[in-house]
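Colleague: I would like a close look at a single part of this model, the sheet and what packs on it. Please take me through the pairing step by step, and then show how the surroundings relate to it.

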Amino acid sequence: MERTNSGEHDNAPPSPAPSSTGLEGVLAPRSQDQRELLVRLAAGLAHEIKNPLSTMSINLALMEEDLGKNRSSDAPELSPREKRVEKRVRALQREIQRLETIVEDFLRYARGGQINRAPSDLGALVREALEFVEPEDARQGIRHHVDLPMGLPLVMLDEGAFRQALLNLFVNSRHAMPSGGELIVRVRREGNFAELSVTDTGVGMKAEEVEHCFDPYFSTKKSGTGLGLSTTRRIVEEHGGTITVVSEVGRGTNFSIVLPLVVEIHSAAGARAEGAPADGGEDA
Ligand SMILES: Nc1ncnc2c1ncn2[C@@H]1O[C@H](COP(=O)(O)OP(=O)(O)O)[C@@H](O)[C@H]1O
Ligand SMILES: [Mg+2]
């Protein structure tokens with residue numbers, strides 16, 4: 001059965017998601033100031049964690065290199081002890097890599113509100129993001145089908161942030177199609193809005209997954225951080241847009257993003273102003 005989630009979130013404290021860490025409960029705004037303070041503290045902590053992690057990572061890489069050097073000398077084989085050490089070094093590297101991903105995803109999520117929009121070609125940005133994921137998708141047997149209209153009016157975008165929002169969707173689609181499939185990306189004009197639709201023929205989501213997929217830290221993946229879709233939703237909303245999802249287990253998933261076109265801002269301002277000097281309207 002097909003499930004939908006409009007991606008809307010009310011301002012009431014959210015009920016915790018099944019795989020929640022409880023952090024969103026802590027971040028539920030008692031006041032906006034308190035929330036901002038908590039987010040700043042958490043982001044500061046995440047930054048502090050990043051430096052020692054990279055030191056550890058460099059030292060582990062050096063240790064691995066040392067073991068490799070031993071191997072190329074007169075003793076071509078590693079001793080059983082060295083083999084154990086090498087295995088542990090690799091396990092540590094994997095864990096550090098995972099911590100780095102968690103911290104980076106967290107920072108991307110927490111860093112909200114610093115977007116800088118300019119009139120942009122949505123189609124070109126979509127094409128560029130698709131080109132970025134294409135080689136890996138092709139290796140995994142995922143074919144791209146792209147339908148971008150010519151001459152779409154511009155959209156006010158923070159290109160860096162919006163690229164991240166798109167990549168989060170494309171990477172999720174890839175994860176949903178481990179043995180290949182179709183990724184269908186389409187942009188259409190709907191009146192004064194652009195509708196961007198991302199469809200995959202992947203594993204799909206159960207009802208409760210659809211319900212919680214935008215919650216921070218909700219993930220069904222072994223090494224997922226659960227921050228991809230919440231970051232994407234935050235970025236879309238910072239652009240005055242909305243994101244919705246429709247999914248069906250075993251058939252696939254569709255995410256649809258609706259964004260105001262620049263034409264809407266102008267015509268609305270023009271209609272209101274009726275010959276009065278334009279005040280610039282929308283802030284960037
Ligand atoms: N295209 C998709 N197909 C199926 N499930 C998806 C898709 N996109 C997201 N999901 C579900 O939503 C969850 C949250 O996604 P996300 O926030 O990106 O976190 P992560 O990818 O780290 O798990 C995923 O773990 C998965 O269960
Ligand atoms: Mg993801």
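Modeller: A good place to enter is a single pair of residues: Thr199 has Asn254 in strand 8 as its bridge partner. That pair belongs to the ladder between strand 6 (193-200) and strand 8 (252-260), which run antiparallel and are joined by eight bridges; in the same two strands, Ser197 stands opposite Ser256 of strand 8. This is a predicted model, and everything that follows is computed from its atoms.

Strand 6 also shows an alternation of its side chains. In a regular strand the side chains alternate between the two faces of the sheet. Here Ala194, Leu196, Val198 and Asp200 point to one face and are buried, whereas Phe193, Glu195, Ser197 and Thr199 point to the other and are not. Thr199, the residue with which we began, is therefore on the face of strand 6 whose listed side chains are not buried.

Turning to the other partner of strand 6, eight bridges join strand 5 to strand 6, and the two run antiparallel. Within this ladder Arg189 has Ala194 of strand 6 as its bridge partner. Strand 5 and strand 6 form a hairpin with two residues between the strands, in which Gly191 takes a positive phi near 60 degrees. On the far side of strand 8, strand 7 (residues 242-248) is joined to strand 8 by seven bridges, again in the antiparallel sense, and Ile243 has Ile257 of strand 8 as its bridge partner. Strand 7 and strand 8 also form a hairpin, with three residues between them, and Gly250 in that turn has a positive phi of about 80 degrees.

The pairing changes sense at strand 3, which pairs with strand 5 (residues 181-190) in parallel over six bridges; Ile142 has Gly181 in strand 5 as its bridge partner. Strands of a sheet pair through backbone hydrogen bonds, either parallel or antiparallel. Taken together, these strands belong to an open sheet of six strands in the order 1-7-8-6-5-3, with mixed pairing. Strand 1 (3-5) and strand 3 (142-147) stand at the edges with a single partner strand each, so one side of each is left without a neighbour in the sheet. On average, and with direction ignored, neighbouring strands of this sheet are turned by 15 degrees against each other.

Helix 5 packs on this sheet, where it touches strand 3, strand 5, strand 6 and strand 8, and its direction makes about 20 degrees with that of strand 6. Helix 5 has 18 residues and reaches 26 Å from its first C-alpha to its last, close to the 26 Å expected at 1.5 Å a residue. Its buried residues are Ala161, Phe162, Ala165, Leu166, Asn168, Leu169, Phe170, Asn172 and Ser173. The cover over these residues includes not only strand 5, strand 6 and strand 8 of the sheet, but also helix 4 (122-139), strand 4 (155-157) and helix 7.

Helix 5 leads on to the ligand. Helix 5 (159-176) and helix 7 (228-238) each supply at least two residues of the shell around ligand 1, and helix 5 gives the most, with four residues. Asn172, Ala176, Ser219, Gly224 and Gly228 come nearest among the 23 residues around ligand 1. Asn172 thus appears both among the buried residues of helix 5 and among those that come nearest to ligand 1. By class, the residues of the shell divide into seven nonpolar, 13 polar and three charged.

Tyr217 is found in the loop between helix 6 (207-212) and helix 7. Most residues other than glycine have a negative phi, and most peptide bonds are trans. Tyr217 has a phi near 70 degrees, a positive value in a residue other than glycine, and counts as buried because 22 C-beta neighbours lie inside 10 Å.

For the wider setting, the chain has eight helices and eight strands, and 24% of its 284 residues count as buried. Among contacts between residues at least 6 apart in sequence, 74% join residues at least 24 apart.

Notes. Residues numbered from 1 in each chain as written. Chains lettered and ligands numbered in written order. Near = placed C-beta within 6 Å. Nonpolar A, V, L, I, M, F, W, Y, C, P; charged D, E, K, R; others polar. Pairing = 2+ DSSP bridges. Axes fitted to C-alpha atoms, helices over the stretch in contact; angles between N-to-C directions. Contact = placed C-beta atoms within 7 Å. Buried ≥ 20, exposed ≤ 12 C-beta atoms within 10 Å, placed from the backbone. Expected span 1.5 Å × (residues − 1).
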